[in-house]
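Here is a short set of questions to work through with the model open. Look first, then read each answer.

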Amino acid sequence: MPIDFSDYSAMALERALAIARRNKPKHEIEVVCQYVFALPSGYHLSGKTEDEFADIMCTNAKESYEDFIADIDTEGVKVSPVFSRDYNDDLTSDIRDLA
């Protein structure tokens, strides 16, 4: 499920976890939370290379994920984060590709 660390993402994740728990007796379900990030225009003004700046953004996203998931009851369901860099200015294609 795509996330952006918003309250709406939290509500959607809680719903996905409820569905996973209801279906757990029949299926082993893993909820994959995907955060897609794109490099902002002007990142090069930071003096960092493209890869260096992407690493910084991914590290920040991982920290934000830890804060986000800490407030959500994930007990009984395996939840895995995925951090994807958007290369084509189309976040939805990255989400579809992972799905």
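**Helix 2 and the core**

Q: What covers the buried residues of helix 2?
A: This is a predicted model. Part of the cover for the buried residues of helix 2 comes from a strand, strand 2 (78-85). The cover also includes strand 1 and helix 1.

Q: Which residues of helix 2 are buried?
A: Buried means under 20% relative accessible area. In helix 2 (50-70), the residues that meet this are F53, A54, C58, A61, Y65, F68 and I69.

Q: Why are these buried residues on the same side of helix 2?
A: An α-helix has 3.6 residues a turn, so residues three or four places apart point the same way. Around the axis of helix 2, the buried residues cover an arc of only 135°.

Q: Which exposed residues does the face turned away from the buried side of helix 2 carry?
A: Exposed means over 50% relative accessible area. On the face of helix 2 turned away from its buried side, the exposed residues are D55, D67 and A70.

Q: Which element supplies the largest share of the largest nonpolar core?
A: The largest nonpolar core has 13 residues. Helix 1 (7-23), strand 1 (30-37) and helix 2 each supply at least two of them. The largest share is four residues, and it comes from helix 1.

Q: Which residues does Y65 touch, not counting those up to four places away in sequence?
A: Y65 is among the residues with the most contacts inside the largest core. Leaving out residues up to four places away in sequence, Y65 touches I3, F5, C33, V79, S80, P81 and F83.

Notes:
Residues are numbered from 1 along each chain as its sequence is written. This is a predicted model: local features need pLDDT of at least 70, side-chain atom pairs count only at pLDDT 80 or more; totals for chains, interfaces and linings use all residues. Side-chain values use heavy atoms; hydrogens and water are left out. A nonpolar core is a set of buried Ala, Val, Leu, Ile, Met, Phe, Trp, Tyr and Cys residues joined through side-chain atoms within 4.5 Å. Buried means under 20% relative accessible area, exposed over 50%, partly exposed in between (1.4 Å probe, protein chains only). Helices (H or I, at least four residues) and strands (E, at least two) are DSSP runs, numbered from the N terminus. Contact means heavy atoms within 4.5 Å. The arc is that of the directions from the helix axis to the C-beta atoms.
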